[in-house]
Amino acid sequence: MEEANQTGMIHFHFRPFSRLPEVQVLIFVTFLGMYLVSITGNLSIFLTIWMNRCLHTPMYFFLANLAALEVFYSSTIVPLTLASVLSTESTLISLPGCGTQMFFFIFLGSVDCILLAVMAYDRFVAICHPLRYTLIMSWRVCVQLAVGSLVLGFALALQLTVLIFRLPFCSSKEISLFYCDVLPVMRLACADTHVHEVTLFAVSVIVLTIPSLLITLSYVFIVAAILKMRSAEGRHKAFSTCSSHLTVVLLQYGCTSVIYLCPSSRYSPDRGQVVSVVYTFVTPVLNPLIYSMRSRELKEALKRAMMRFLVL
């Protein structure tokens, strides 16, 4: 019991991807390349939207917020992961350090999911109520929705992180993942975690289930409105602006739902490792590519910015 109470002395270490040096180097180079592509792509989208007044619309405002979130989200996980992969010994992380990483992971991930639901609502208003779009989606409303997403994500992350790190941890142990996620850390506790599992499920419902239902409802109305359009060009443009968002939604919600909406008793560390690589490395790389390829205005703005950069 004395050891369990000395939580300040507790250190965790992450499960290595491989014990073979050659494989570790290959993983490091792959992850570093994906991280650099992700940071470059998302920063390019954010700066391009910020510098082009023609892109100062609600849709691109939310996209710029999403790109900024992806930069911070990746940076919360990847640097320590790269250091862990490259290290020949186990990379230790203190209890406060683990709690900090977990808080920002939950906070940024939650805001990301909520913001995707806000973007679906924006597309619903734009396509189903085009004449009232500027009135409904005023800049004041857009800012309120963005700030509301941040506040809700912050509150949920703070509550869940504090609850989990009030648990007693007996000694330094291995986290069955490459970062401090909720389920792997909760499994290291020396106490009953039933209440914590229920809280995690409740948070997952708020962050994943409710937004996904709102997104689905929005797209039911969007598809119905698109099918009623007489102009083939109008239908194509509407589908084009929605398809990129829907692709990102499927990637984000599909991966996270596999982990957080399943019973904790069915959690598999190996499956968690694979799925976590997808939504911490792959998804942040694909998001800017998906949006830049499907949005003609953004694609042209990025080309102009690239041409100016090459001229300089």
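A salt bridge is a side-chain nitrogen of Lys or Arg within 4 Å of a carboxyl oxygen of Asp or Glu. The views below come from a predicted model, in which local features need pLDDT of at least 70, side-chain atom pairs count only at pLDDT 80 or more, and totals for chains, interfaces and linings use all residues. Residues are numbered from 1 along each chain as its sequence is written, and side-chain values use heavy atoms, with hydrogens and water left out.

**View 1. Salt bridge between Arg15 and Glu174.** The closest N and O atoms of Arg15 and Glu174 are 3.8 Å apart. Arg15 lies in the loop between strand S1 (11-14) and helix H2 (21-51), and Glu174 in strand S3 (residues 173-175), so the pair ties together parts that are 159 residues apart in sequence. Helices (H or I, at least four residues) and strands (E, at least two) are DSSP runs, numbered from the N terminus. Arg15 is partly exposed at 28% relative accessible area, and Glu174 is partly exposed at 31%. Here buried means under 20% relative accessible area, exposed over 50%, and partly exposed in between (1.4 Å probe, protein chains only).

**View 2. Salt bridge between Arg123 and Asp122.** The N to O distance between these side chains is 3.0 Å. Arg123 is buried, with a relative accessible area of 10%, and Asp122 is buried at 1%. A search of the whole structure finds two salt bridges.

**View 3. Packing of H2 and helix H3 (residues 58-86).** Two packed helices are described by the angle between their axes and the distance between the axes. For H2 and H3 the angle is about 160 degrees and the axes are 9 Å apart. Axes are lines fitted to C-alpha atoms, for helices over the stretch in contact, and angles run from 0 to 180 degrees between N-to-C directions. H2 and H3 are therefore roughly antiparallel; angles under 35 degrees count as roughly parallel, over 145 as roughly antiparallel, 65 to 115 as roughly perpendicular and the rest as oblique. H2 passes H3 in a left-handed crossing, where the near helix is turned anticlockwise from the far one by less than a right angle.

**View 4. Packing of H4 and H8.** The axes of H4 and H8 are 9 Å apart, at an angle of about 20 degrees. The two helices are therefore roughly parallel. The contact (heavy atoms within 4.5 Å) includes Cys113, Arg123 and Phe124 of H4, and Val207, Leu208 and Pro211 of H8. H4 passes H8 in a left-handed crossing.

**View 5. Surroundings of Cys113 in helix H4 (residues 95-128).** Cys113 is buried, with a relative accessible area of 2%. Leaving out residues up to four places away in sequence, Cys113 touches Val207, Leu208, Pro211, Gln252 and Tyr253. From Asn65, Cys113 is 48 residues away in sequence and 12 Å away in space, C-alpha to C-alpha.

**View 6. Surroundings of His196 in helix H8 (residues 194-227).** The side chain of His196 reaches the backbone oxygen of Leu163 at 3.3 Å. His196 is buried at 10% relative accessible area. Apart from residues up to four places away in sequence, His196 touches Leu163, Ile164, Leu167 and Met186.

**View 7. Surroundings of Thr256 in helix H9 (residues 232-260).** Thr256 is buried, with a relative accessible area of 7%. A polar atom of the Thr256 side chain lies 2.8 Å from the backbone oxygen of Gln252. Beyond neighbours within four places in sequence, Thr256 is in contact with Leu208, Leu261 and Tyr279.

Conventions. A polar contact is a pair of N or O atoms within 3.5 Å; within protein, one must be able to donate a hydrogen and the other to accept it, and residues adjacent in sequence count only if both atoms are side-chain atoms.
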